[in-house]
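Please read this report with the sequence and the model side by side. It goes from single backbone positions to the metal site, the charged contacts and the main pocket.

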Amino acid sequence: MALRQIREMGDPILEKKSKEVKEITPRLKELLDDMWDTLHDAQGVGLAAVQVGILKRLFIVEISEDEKYTFVNPRIVLSEGEQTDYEGCLSVPGKVGKVTRPDHVIIEAFDEHMNPITVEGNELLARAMCHEFDHLEGRVYVDLVEGGLYDADAVPEED
Ligand code: ZN
């Protein structure tokens, strides 16, 4: 098990656009393994390569044991509906903010073997896919937050 250091907000790399993956090299395979270890260690839902300092277009998402995906060179091919909820980011530790996202998303990508995949997500999966995709474009969720950031353990009660 190898953990990578998670880059935090203020690190300029998080604002950079990631580059297409041409092939899955042994180095990239190792990166993916480390990203899974790092995601599990941090108890997160998703992690993009740029968050561990590598500007490659890939991210991982795990909603549950049955819903875990590796996305390489993803393209959002459908995005519809709307959902508003709190979300957080491993690069913004301890904070959450309310963000409106599509609630139905389809992404075409490649898996860790460069086989084409299509992943359809609703609710949390759709939110996580959009959040991670944004990282590849150099966008961090804090720019989309409505009503400011809160400490994760001090979220205001809903009316
Ligand atoms: Zn994030």
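## Backbone outliers

N73 sits in strand β3, which covers residues 67–80. The model is a predicted one. N73 is not a glycine, yet its phi is positive, at about 50°. Is N73 buried or exposed? Its relative accessibility is 9%, so N73 counts as buried; the cut-off for buried is under 20%.

M114 also has a positive phi without being a glycine, with a value near 65°. This residue belongs to a loop, the one between β6 (104–110) and β7 (116–122). M114 has a relative accessible area of 25%, so it is partly exposed. A further positive phi, near 80°, belongs to G138, which follows α2.

## Helix α2

Helix α2 runs over residues 123–136, 14 residues in total. Does its length come out in agreement with the expected span, or in disagreement? At 1.5 Å a residue the helix should span 20 Å. The C-alpha atoms at its ends lie 21 Å apart, so the two values agree.

How many residues of α2 are buried? The count is 12 of 14, so the helix is mostly covered, given that buried means under 20% relative accessible area. The buried set has charged members, including R127, E132 and D134. It also holds H131 and H135, both of which are donors to the zinc ion.

## The zinc site

Which protein atoms are donors to the zinc ion? They are SG of C89, NE2 of H131 and NE2 of H135. These atoms lie 2.0 to 2.2 Å from the metal. Along the sequence the donor residues follow the spacing C-x41-H-x3-H. C89 and H135 link distant parts of the chain: C89 is in strand β4 (residues 83–89), H135 is in helix α2, and 46 residues separate them. Both C89 and H135 are buried.

The general rule for helices helps with the short step in this pattern. An α-helix has 3.6 residues a turn, so residues three or four places apart point the same way.

## Salt bridges

The whole structure contains 13 salt bridges. One of them pairs R101 with D134, with 2.9 Å between the closest N and O atoms. This contact links distant parts of the chain: R101 is in strand β5 (residues 92–101), D134 is in helix α2, and they are 33 residues apart. Are the two partners buried or exposed? R101 has 5% relative accessibility, so it counts as buried. D134 is buried as well, with a relative accessible area of 9%.

D134 has a second partner, R139, at 2.8 Å from N to O. R139 is partly exposed, because its relative accessible area is 40%. Salt bridges with shared partners join E87, R101, R127, D134 and R139 into one network.

Another bridge joins D33 and K29, with the closest N and O atoms 3.1 Å apart. Why are these two residues about one helical turn apart? They are 4 residues apart in helix α1 (residues 26–42), so about one turn separates them. D33 counts as partly exposed, at 37% relative accessibility. K29 is also partly exposed, at 33%.

## The largest pocket

The largest pocket holds about 360 Å³ of space. Which residues of its lining are closest to its centre? Of the 21 lining residues, these are V45, E87, G88, C89 and H131. Two of these names come from the zinc site: C89 and H131 are both donors. E87 is part of the salt-bridge network.

β4, β5 and α2 each supply at least two residues of the lining. By type, the lining has 10 nonpolar, 7 polar and 4 charged residues.

## The segment after β8

A154 lies in the segment after β8 (146–151). With 45% relative accessibility, A154 counts as partly exposed. How far is its C-alpha atom from that of G94? The separation is 10.0 Å, with the two positions 60 residues apart along the chain.

Key
Residues numbered from 1 in each chain as written. Predicted model: local features only at pLDDT ≥ 70, side-chain atom pairs only at ≥ 80, totals over all residues. Heavy atoms only, no water. Expected span 1.5 Å × (residues − 1). Buried < 20%, exposed > 50% of the residue type's maximum accessible area, 1.4 Å probe, protein only. Donors = N, O, S within 2.8 Å, 3.2 Å for Na, K, Ca; no water. Salt bridge = Lys/Arg side-chain N within 4 Å of Asp/Glu carboxyl O. 1 Å grid on protein atoms, 1.4 Å probe; cavity = no way out; pocket = protein on both sides within 12 Å on 5 of 7 lines; lining within 4 Å. Points joined across faces, edges and corners; volume = space filled by probe spheres on them.
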